[in-house]
Amino acid sequence: SFIRTMTTSFGSICFGSLIVAFLRALEMLARTAQSNGDSGIGACIAQCILSCLASLVEYFNKWAYIYVGVYGFSYMEAGKNVFTLFKNRGWEAIIADDLVGNALLLVSLIVGGIMGAISLIFVATTDW
């Protein structure tokens, strides 16, 4: 799939990145207008909407890139298939994807806490 992604499907990857770059550029324009004080609350609302939209597009891009690389779909076809996947699965894939990161964070914090406690006990019981 890496070879397919870097050869025949490279344009689809670039197109997905172009959409995100365009949204981020519009967001930066709204941020600049807000910092200059030109448009007040309108620029703030535009920046918020564009930021949310760009984050959503980036998340869907991750799934669409998988479809492009594995199945060789075009970007638009992959996006439609991703949306159909989410619609058919009842958004369970998003929830599972979100929970995996949280579970890994929790496990790493627990392991770090246990190792810290063991280190404190070791330092308290030995004379160095």
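Here are some exercises on a predicted model, each with a worked solution.

**Exercise 1. Check the length of helix H3 against its residue count.**

Start with the count: H3 covers residues 41-71, which is 31 residues. Next, take 1.5 Å a residue, and the helix should span 45 Å. Now go to the model, where the C-alpha atoms at the two ends are 44 Å apart. The two values agree.

While you're on this helix, look at what is tucked away. Buried residues of H3 include Ala 43, Gln 47, Leu 50, Ala 54 and Val 57. Further along, Asn 61, Trp 63, Ala 64, Tyr 67, Val 68 and Gly 69 are buried too. Just past the end of H3 sits Gly 72, with a positive phi of about 80 degrees.

**Exercise 2. Find where Ser 9 sits, and work out whether it is buried or exposed.**

First, place the residue: Ser 9 is in the loop that joins helix H1 (2-6) to helix H2 (10-36). Then check its relative accessible area, which is 4%. Buried means under 20%, so Ser 9 counts as buried. Finally, list its contacts. Leaving out residues up to four places away in sequence, Ser 9 touches Arg 4, Val 68 and Gly 72.

**Exercise 3. Work out how many disulfides the structure has, using Cys 44 and Cys 48 as test cases.**

Recall the chemistry: a disulfide covalently joins the sulfur atoms of two cysteines. For the pair to count here, the sulfurs must be within 2.5 Å.

Take Cys 44. Its closest cysteine sulfur belongs to Cys 48, at 6.9 Å, and that is too far for a bond. Now take Cys 48. The nearest cysteine sulfur to this one is that of Cys 52, 4.4 Å away, and Cys 48 is in no disulfide. Searching the whole structure gives 0 disulfides.

As for accessibility, Cys 44 is partly exposed at 37%, and Cys 48 is partly exposed at 46%.

**Exercise 4. Trace the salt bridges that involve Arg 24, Glu 27, Arg 31 and Glu 58.**

The principle is simple: oppositely charged side chains can pair when their charged atoms come close.

- Step one: Glu 27 bridges to Arg 24, with the closest N and O atoms 2.8 Å apart. These two are 3 residues apart in helix H2, so about one helical turn separates them.
- Step two: Arg 31 also meets Glu 27, at 3.2 Å from N to O. Here the spacing in H2 is 4 residues, again about one helical turn.
- Step three: Arg 24 reaches Glu 58 as well, at 3.1 Å from N to O. This pair links distant parts of the chain, since Arg 24 is in helix H2 and Glu 58 is in helix H3, 34 residues apart.

Why does the spacing in the first two steps work? An α-helix has 3.6 residues a turn, so residues three or four places apart point the same way.

Put the steps together and the four residues form a linked network. The structure holds 3 salt bridges. Within the network, Glu 27 is buried at 5% relative accessible area. Arg 24 is partly exposed at 29%, Arg 31 at 35% and Glu 58 at 35%.

**Exercise 5. Find the nonpolar surface patch that includes Ile 114.**

Begin with the location: Ile 114 is part of helix H5 (residues 92-125). Its relative accessible area is 45%, so it is partly exposed. Then collect its partners: Leu 106, Val 107, Ile 110, Val 111, Met 115 and Ile 118 make up the patch together with Ile 114. The patch covers about 640 Å².

Conventions
Residues numbered from 1 in each chain as written. Predicted model: local features only at pLDDT ≥ 70, side-chain atom pairs only at ≥ 80, totals over all residues. Heavy atoms only, no water. Expected span 1.5 Å × (residues − 1). Buried < 20%, exposed > 50% of the residue type's maximum accessible area, 1.4 Å probe, protein only. Patch = residues over 30% accessible without salt bridge, like charges linked within 9 Å, V, L, I, M, F, W, Y side chains within 5 Å. Areas by Shrake-Rupley, 256 points an atom, 1.4 Å probe, with all protein chains shown as cover. Salt bridge = Lys/Arg side-chain N within 4 Å of Asp/Glu carboxyl O. Contact = heavy atoms within 4.5 Å.
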